[in-house]
Amino acid sequence: PMAIPPAAPVPEPNWDAVRSSFPLLVSGAAESPELLYFDSAASSQKPEPVLSALDNFYRHDNANVHRGLYALSARATDAFENARATVASFFGAASPRDVVFTSGTTAAINLVAHSWGRANLKPGDRILLTELEHHSNLVPWQLLAAQTGAQLVFVPVLGPCGTLDESALDDLLTPDVKLFAFTHISNSLGTINPAAAWCARARSLGITTLVDGAQSAGHIPVNLASLGCDFYAFSGHKMCGPTAIGALIARPGLLDAMPPFLGGGEMIESVSFLQSSWREAPWRFEAGTPPIAQAIALAAACRYLDSIGLDHIAARDATLTAALKSSLASIPGLRIVGPPHERGSLVSFVMDQAHPHDLVTFAGEKGLCLRGGHHCTQPLMRKLALPGTVRASLYFYNSFDEINAATRILADAGRYFA
């Protein structure tokens with residue numbers, strides 16, 4: 001199928017009406033009708049169009065794809081492959097064939113490590129990462145380095161402000177670096193990295209790039225032609241889609257040169273008892289029954305976000321985040337960590353009076369959903385000498401009234417633990 005043309009610009013939405021399309025935000029959780037959901041960096045809520053897409057597939061189109069010579073299977077196959085085209089269009093990929101459906105960002109990065117990495121790295125090669133990385137963009141490279149003899153090197157973070165030492169790139173981007181993998185937006189501090197500039201700089205030196213887009217997908221406009229990375233990984237459940245679906249999107253031609261990662265049905269062209277040949281990309285990387293319903297619902301999430309407009313979403317996220325940061329800064333004993341100005345849609349902080357786990361437990365009893373701990377960035381927290389942080393993460397469906405309510409709860413927590 002051909003990629004769907006990008007959506008035309010849309011007027012700024014009525015944000016109250018937008019919020020009403022998220023059932024859980026309207027009705028509240030069973031244990032907390034007064035739900036204040038500030039944990040979208042972990043997983044976003046799901047709007048009606050996404051829930052309807054899942055329900056509709058299982059009620060009306062449920063069959064396995066690519067295999068059945070009957071109408072129901074053909075309909076499921078068309079919906080699945082059209083979902084691939086929708087995802088390609090949403091991210092500005094050159095072709096649907098550059099999109100591999102995975103279970104999410106973690107699986108996508110592991111695919112690159114196992115397939116591209118084992119085929120291209122040798123002893124003495126370097127893998128360049130940053131000290132901001134989520135474990136999903138660190139541990140796979142540790143495993144790969146152990147298997148290939150490659151060496152890990154890191155762009156250092158400049159203290160609790162969360163910015164990276166870009167001047168270090170002058171020394172770090174050397175010919176022995178074969179891969180530069182980094183987060184687009186930090187999941188723990190909110191740092192926004194200059195991904196396009198870094199990818200261009202790496203490309204000029206022949207270095208392959210991977211961008212972890214777990215926190216940028218669905219939050220800011222992402223056009224891969226402009227971003228210029230070789231690989232982009234993301235998760236659907238953080239951008240209004242269902243769980244267990246995401247994708248690896250590659251620069252044209254890269255997937256065709258990579259060996260398969262998982263073996264089994266669907267990814268093969270021909271099989272004998274002693275050897276096999278593979279299907280063309282992307283299907284050679286999708287062994288077994290794929291996440292059909294999830295892919296279709298992910299496409300529904302892409303269309304839903306396009307209907308609101310990524311520019312509007314990014315602006316709304318930024319406005320809400322600035323308001324939350326300013327409001328929390330008024331609480332005695334609360335210290336915000338991360339960039340002082342531009343940041344992703346999250347605010348991480350510590351409070352003198354209590355451990356992060358105690359704070360999020362107190363808040364949870366009041367209906368405020370926060371995340372406390374190291375946020376899968378243990379090396380970063382050790383570097384910053386922090387036991388962890390409390391993370392309040394927002395999305396466009398949050399409101400200023402919720403920010404005021406959350407601030408009151410956290411101020412009460414400060415007084416309670418004092």
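## Exercises on helix packing and cores

Helices α11 and α14 are roughly parallel to each other in this predicted model. Let's work out where that comes from.

**Exercise 1.** Explain why α11 and α14 count as roughly parallel.

*Solution.*
Step 1: Find the two helices, α11 at residues 310-328 and α14 at residues 400-417.
Step 2: Look at their axes, which come within 10 Å and cross at roughly 25°.
Step 3: Angles under 35 degrees count as roughly parallel, so α11 and α14 are roughly parallel to each other.
Step 4: Add the handedness: the crossing of α11 and α14 is right-handed.

**Exercise 2.** Sort the residues in the contact of α11 with α14 by class.

*Solution.*
Step 1: List the α11 side: Arg316, Thr319, Leu320, Ala323, Leu324, Ser327 and Leu328.
Step 2: Their partners in α14 are Phe400, Ile403, Thr407 and Leu410.
Step 3: Sorting gives seven nonpolar, three polar and one charged residue.

**Exercise 3.** Describe how α4 passes α10.

*Solution.*
Step 1: The axes of α4 (residues 71-90) and α10 come within 8 Å and cross at roughly 40°.
Step 2: This crossing is left-handed.
Step 3: Among the residues in contact are Ala79, Phe80 and Ala83 of α4, together with Ile292 and Ala295 of α10.
Step 4: By class, the contact of α4 with α10 holds twelve nonpolar, one polar and two charged residues.

**Exercise 4.** Which helix gives the most to the largest nonpolar core?

*Solution.*
Step 1: The largest nonpolar core has 78 residues, and Phe180 is one of those touching the most other members.
Step 2: Helix α10 gives the most to this core, with 13 residues.

Conventions. Residues numbered from 1 in each chain as written. Predicted model: local features only at pLDDT ≥ 70, side-chain atom pairs only at ≥ 80, totals over all residues. Heavy atoms only, no water. Core = buried A, V, L, I, M, F, W, Y, C linked by side-chain atoms within 4.5 Å. Buried < 20%, exposed > 50% of the residue type's maximum accessible area, 1.4 Å probe, protein only. Helix = DSSP H or I, 4+ residues; strand = E, 2+ residues; numbered from the N terminus. Axes fitted to C-alpha atoms, helices over the stretch in contact; angles between N-to-C directions. Parallel < 35°, antiparallel > 145°, perpendicular 65-115°, else oblique. Left-handed = near helix turned anticlockwise from the far one by under 90°. Contact = heavy atoms within 4.5 Å. Nonpolar A, V, L, I, M, F, W, Y, C, P; charged D, E, K, R; others polar.
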